[in-house]
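Thank you all for coming; I would like to take a few minutes to go through one model with you, beginning with its overall layout and then turning to how its helices pack.

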Amino acid sequence: MSAGAFCPICHRLLATSQWNLQDFTACPNCQAPTRTLVFPAMVKPTSSVRPEPRNETEAGCFFHNNSRAENVCSSCGRFLCSLCTLTFGSQKLCPDCIYRRRRQSSEPLFRDQTVLFDNIALLLLVVPVLCLVYIYLGLIFSGFALAIVIIGWRQQRPLVPRSGYRFVLAAALSVIEGVGWIALVWLVVWLIQSHPTDFGL
Ligand SMILES: [Zn+2]
Ligand SMILES: [Zn+2]
Ligand SMILES: [Zn+2]
């Protein structure tokens with residue numbers, strides 16, 4: 001065990017006999033009523049990863065020849081000592097295979113980054129309106145956003161469950177902003193044509 005629970009008042013270490021009790025108990029040091037709830041992982045003994053040395057008749061680890069092989073990599077089949085064995089779900093993998101699979105973004109278990117197309121599309125629709133760039137380039141931005149919605153709808157692979165409402169919102173906004181921009185330009189042209197003298201023409 002590497003960590004403990006501490007009294008929130010006097011910050012002294014609390015005894016493990018006080019963990020996960022139904023009721024509050026007094027801190028042995030300051031007598032403050034405390035109740036300590038810990039996750040089961042705190043109590044689980046951590047096995048040592050120090051690899052066993054190998055004798056002549058035993059197979060050695062691919063990476064540490066003097067350490068006894070205890071597992072075989074599920075991916076490449078190399079012999080691995082306890083230090084080099086990395087458990088991922090039901091698989092035991094070597095560090096090389098972890099590195100390789102992390103680079104292949106197709107494996108969802110090893111991905112830690114993703115592109116959120118829906119957020120990009122929404123950003124392209126909201127920011128131009130806020131900083132008035134929309135007046136000049138509204139049609140371009142809404143067209144871009146719609147293209148990102150169409151591409152991202154199939155391409156986006158979020159790491160956590162994510163509903164599609166942002167895509168729907170972005171698609172609706174891009175159509176509204178695109179049509180709105182055309183209407184705005186049409187209105188300006190119409191105003192200039194119907195009252196040319198007001199515009200010094
Ligand atoms: Zn205390
Ligand atoms: Zn491997
Ligand atoms: Zn090893």
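What follows is a short account of the overall layout and then of three helix pairs.

Please keep in mind throughout that this is a predicted model. The protein has 5 helices and 6 strands, and along the sequence these run in the pattern β-β-α-β-β-β-β-α-α-α-α. With a radius of gyration of 31 Å, well over the 17 Å that the globule rule gives for 201 residues, the protein is more spread out than a compact globule. Taken along the principal axes, the box filled by its C-alpha atoms is roughly 95 × 60 × 25 Å. The division into domains gives domain 1 at residues 1-46, domain 2 at 48-113 and domain 3 at 117-199, and between the C-alpha centres of domain 2 and domain 3 there is a distance of 50 Å.

Let me now turn to the helices, starting with α3, which covers residues 117-130, and α4. Their axes lie 8 Å apart at an angle of about 170°, and the two helices are therefore roughly antiparallel. On the α3 side the contact includes F117, I120, L124 and P128, while α4 contributes, among others, Y134, F141, I148 and Q155. Sorted by class, this contact comprises 15 nonpolar, 4 polar and 1 charged residues.

The next pair is α4, residues 134-155, with α5, residues 165-194, whose axes come within 8 Å and cross at roughly 155°. How, then, are α4 and α5 oriented to each other? They are roughly antiparallel, because an angle over 145 degrees counts as such, and their crossing is left-handed. Among the residues making this contact are G138, S142, L146 and W153 of α4, together with F167, A171, G178 and W181 of α5. By class, the contact of α4 with α5 has 10 nonpolar, 6 polar and 1 charged residues.

That leaves α3 and α5, whose axes come within 9 Å and cross at roughly 30°, so that these two helices are roughly parallel to each other. The crossing of α3 and α5 is, again, left-handed. Here α3 contributes D118, N119, A121, L122 and L125, and the residues from α5 include R166, L169, L173 and E177. This contact of α3 with α5 divides into 7 nonpolar, 2 polar and 3 charged residues.

Technical notes:
Residues numbered from 1 in each chain as written. Chains lettered and ligands numbered in written order. Predicted model: local features only at pLDDT ≥ 70, side-chain atom pairs only at ≥ 80, totals over all residues. Domains from an automatic or database assignment. Axes fitted to C-alpha atoms, helices over the stretch in contact; angles between N-to-C directions. Helix = DSSP H or I, 4+ residues; strand = E, 2+ residues; numbered from the N terminus. Parallel < 35°, antiparallel > 145°, perpendicular 65-115°, else oblique. Left-handed = near helix turned anticlockwise from the far one by under 90°. Contact = placed C-beta atoms within 7 Å. Nonpolar A, V, L, I, M, F, W, Y, C, P; charged D, E, K, R; others polar. Rg over C-alpha atoms; globule rule 2.2 N^0.38 Å.
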